[in-house]
Amino acid sequence: MKTNVLGYPRIGAKRELKKVSERYWKGTATKTELVEMGKQLKLSNWKLMQNAGIDLIPSNDFSFYDQVLDATLTYGCIPARYQKIKEKESQLDLYFAMARGLQNNEFDVTAMEMTKWFDTNYHYLVPEFTANQEFELFSLKPVHEFKEALAHNITTKPVVLSPVTYLLLGKEKEGGFNRIDLLDNLLPVFYKLIEGLVDAGATYIQIDEPCLALDITDKDREAIKKLYSTLAYKFPELNVILTSYFDCYGDNLETVLQLPVHALHLDLVRCSLQLDDILNATNFKNDKILSLGIIDGRNIWKTNFEDTIATIKKVEAQIGKDNVWLATSCSLLHSPYDLDLEESEEALPVSVKQWLAFAKQKVDELVTLKKLAAGDASKEVLTKLVDNTRALKAKKESSIIHNAAVKARLSLLTAKDSERNAEFLSRQKIQKDQLKLPAYPTTTIGSFPQTKEVRSWRSKFKKKELSLDAYNQLIKQEIEETIRFQEKIGLDVLVHGECERNDMVEYFGEKLEGFAISNFGWVQSYGSRAVKPPILFGDVSRPVPMTVKWSDYAQSLSSKVVKGMLTGPVTILQWSFVRNDQSRSETCKQIALAIRDEVNDLEEVGLQAIQVDEPAIREGLPLRKEHWSAYLSWAVESFKIATSGVADKTQIHTHMCYCEFNDIIQHIANLDADVITIETSRSKMDLLNVFVDFKYPNEIGPGVYDIHSPRVPEVSEIEELLQKASKLLPVDNIWVNPDCGLKTRDWPETKLALENLVQAAKTMRSKLETAY
Ligand code: 39S
Ligand code: ZN
């Protein structure tokens, strides 16, 4: 039996990679410093796994930005706009230009598009393909990393993204072809890479093929057959580990079982039933090793040793001890580093901590399970088993998990609780009378720049170098400045700016009962950005208001309408580590009730507009369509529970970003928010068409300023976008706003851009007046 780790986190236990990368981009760290940090991080991961006794240690799972972008360089699929940079700059600078765009005296190129990695909060850079796309072995990173480990006497298992999944994850940049047809161009490059790895001494290779967790076509399946049969033919000695995760093989199982691979990896956390499907399948010829992904790479709960041992015994009895491996369900990229770093009892009580395992602890679990399965009865191993059983028993019986009042409240919910009183058209009329906003009302999505200064106040407050009073005073000043700024430039619906929030989900996790917070539980979201998902361990309730004080204060400063700002229940669920002892729908509705209380309290103190953001609603969609409608039904209901407790005069906003609405537009309409703001500026309003074709009934703010770039849009550009929107939507329904929150921007460009935005709205209004 081998232990198999699919990938390890790479940002550093204390986000060392983030810090040095950001300094490198600013010009305050050298390339050598950056590369050295990369080497250190890789080596410490390899050593950790080697010392723990892991058999299949991954390499090429490290990345300076993103593993799909790494594959783009490996396969030499560099879009034409980077050609000059490719000729003149180092490979690393080309790489960062593709990741982040590059604007200086010499170059002005945009970044590659970024999108969600399956149903995770990780984002990858989308490969771009043209009809005659050519490939070349441009970067030998996988080979270099294998050799780098070997130089330390560590033989690793290279992790390579399959050419088929690579093609499917990308986008055709022109019409007239199907990207899967590029496989014939790509395969020779792929085989050359494999040859390089074999020559360097690799005997096991993990080929990541997560598209097997999706609904794919017969043509895609044919491509997969071709890839693996040729691979087996060309490299008969190589042990190929076919690796998919995040869902069942499903319809692809029959194809998968035919493939001539050494081992087949199963994500048994996301899909435990497939084990029996495979063992019972008529074409399972017992010619493959099964890599049982039993350690959850997406969540932080301890593995149940007793149950897992039972599973292992069962499989061993059926296919033989030699054919069973133990593995993480997916890469540990989605797990935080090390639970041992969590020393603060305040944030993460011992009672909760004893239930958890981060990446380092998961590695240890894997090794312990292997020993237990082999019948190791040493004191050390048996103690671990006893501790595991005890911790999980304590969890089951824990009084801090169960809250009878929350369960009772949930059981009393009726259909009325998720419907507003009046229909949208009546509400719209009431709200227009009440709010007295001009045509083309202007607003923002909620957050204003999170400066280093603001973050340093919070950091000092947490380290007790700043008192609560002093911290609150600074936050108040910042809110006042943000309100005055918005008044000065003439925005219509103001926000308080969210400077008091570390993150739109973690902040609420800190305030709600049923959540615990880690100090160092960082998980990469994209590039150098990370999030610290709160740990939702028990029934959720809201002991005290969470945002009311700040929104109330902001409203007290201005006679203009101030909008309250909340994160929606689906997004809080999606971006937290969620308990696995009850259904997600039930947990989501509990969060919804807590947010409902907050919405009602905001209304109570006089907020006339309240925004409940749901940017993660689409990412929460199950990977396979057959499960969509069940999810959408409870997701929409949860949003409506949260937002339907207010009077008709209170205007509910929501915001969603970077998602395709095509196939879920009916459900977006079912949310029945009075106003929705969406991202449209990058696509020049193309994303709006879905709303137009659907005749989306409620008010809508198509983003007119791309906040993901420091570039300031001209008044004329914004006006043009608004003209376009005005041709598509009733003018009465149009709002004017940026694409998304402004927290990642700096003040200077924010000021200029918002001034231009207000000016464009004013011009649009004056044109309306002359038209009458
Ligand atoms: N998921 C979540 N949860 N939240 C989101 O906003 C998003 N947005 C989308 C999709 N998914 C999301 C895109 N993803 C960040 C992270 C994810 C994003 C977008 C942006 C981001 O900016 N993250 C920050 C980062 O990586 C961390 C934000 C944070 O929690 O830099 N900040 C804390 C705070 O403000 C801690 C800040 C910190 O680093 O309090 N403090 C320093 C330290 O502890 C000290 C700061 C100083 O003294 O200067 O060492
Ligand atoms: Zn957004």
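**Figure 1. Phenylalanine 246 in the loop between strand 11 and helix 10 of the predicted model.** Strand 11 covers residues 239–243 and helix 10 covers residues 253–258, and phenylalanine 246 sits in the loop that lies between these two elements. Its phi is positive, at about 85 degrees, although phenylalanine 246 is not a glycine. Most residues other than glycine have a negative phi. Phenylalanine 246 counts as buried because its relative accessibility is 2%, and the cut-off for buried is under 20%.

**Figure 2. Lysine 436 in the loop between helix 17 and helix 18.** Helix 17 is made of residues 424–435. Lysine 436 has a phi near 50 degrees, which is a positive value in a residue other than glycine. With a relative accessibility of 66%, lysine 436 counts as exposed, since exposed means over 50%.

**Figure 3. The shell around ligand 1.** The shell holds 24 residues, and the closest are Lys18, Asn121, Arg458, Asp503 and Lys743. By class, ten residues of the shell around ligand 1 are charged, eight are polar and six are nonpolar. Both domain 1 (3–125 + 133–337) and domain 2 (424–446 + 476–771) give residues to this shell, so ligand 1 lies between the two domains.

**Figure 4. Contacts of ligand 1 with asparagine 502, serine 525 and alanine 530.** A backbone N or O atom of asparagine 502 is 3.4 Å from an oxygen atom of ligand 1. For serine 525 the atom is a polar side-chain atom, which lies 3.1 Å from a nitrogen atom of the ligand. Alanine 530 places a backbone N or O atom 2.8 Å from an oxygen atom of ligand 1. On its own, ligand 1 has 990 Å² of accessible area, and the protein covers 79% of it. Helix 18 (452–462), strand 17 (523–526) and strand 18 (529–531) are the elements that give two or more residues to the shell around ligand 1. Helix 18 gives the most, with five residues.

**Figure 5. Valine 531 in strand 18.** Strand 18 is one of the elements that give two or more residues to the shell around ligand 1. Valine 531 has a relative accessible area of 17% and is therefore buried. Its C-alpha atom is separated by 30 Å from that of asparagine 104, and the two residues are 427 residues apart along the chain.

**Figure 6. The zinc ion (ligand 2) and its donors.** The zinc ion is coordinated by NE2 of His655, SG of Cys657 and SG of Cys740, at 2.1 to 2.3 Å. Along the chain, these donors follow the spacing H-x1-C-x82-C. The cysteine pair links distant parts of the chain, with cysteine 657 and cysteine 740 placed 83 residues apart. Cysteine 657 is in the loop between strand 23 (651–656) and helix 25 (665–670), whereas cysteine 740 is in the loop between helix 27 (715–728) and helix 28 (747–771). Cysteine 657 counts as buried because its relative accessibility is 15%. Cysteine 740 has a relative accessible area of 14%, so cysteine 740 is buried as well.

**Figure 7. Methionine 685 in the loop between strand 24 and helix 26.** Strand 24 runs over residues 675–678 and helix 26 over residues 688–694. Methionine 685 is buried because its relative accessible area is 1%. Between the C-alpha atoms of methionine 685 and glutamine 133 the separation is 28 Å, and these residues are 552 residues apart along the chain.

**Figure 8. Lysine 511 in helix 20.** Helix 20 consists of residues 506–511. The relative accessible area of lysine 511 is 34%, so lysine 511 is partly exposed. The C-alpha atom of lysine 511 is 52 Å from that of leucine 187, and 324 residues separate the two along the chain by position.

How values were computed: Residues numbered from 1 in each chain as written. Chains lettered and ligands numbered in written order. Predicted model: local features only at pLDDT ≥ 70, side-chain atom pairs only at ≥ 80, totals over all residues. Heavy atoms only, no water. Near = heavy atom within 4 Å. Polar contact = N/O pair within 3.5 Å; in protein donor to acceptor, adjacent residues only side chain to side chain. Areas by Shrake-Rupley, 256 points an atom, 1.4 Å probe, with all protein chains shown as cover. Helix = DSSP H or I, 4+ residues; strand = E, 2+ residues; numbered from the N terminus. Nonpolar A, V, L, I, M, F, W, Y, C, P; charged D, E, K, R; others polar. Domains from an automatic or database assignment. Donors = N, O, S within 2.8 Å, 3.2 Å for Na, K, Ca; no water. Buried < 20%, exposed > 50% of the residue type's maximum accessible area, 1.4 Å probe, protein only.
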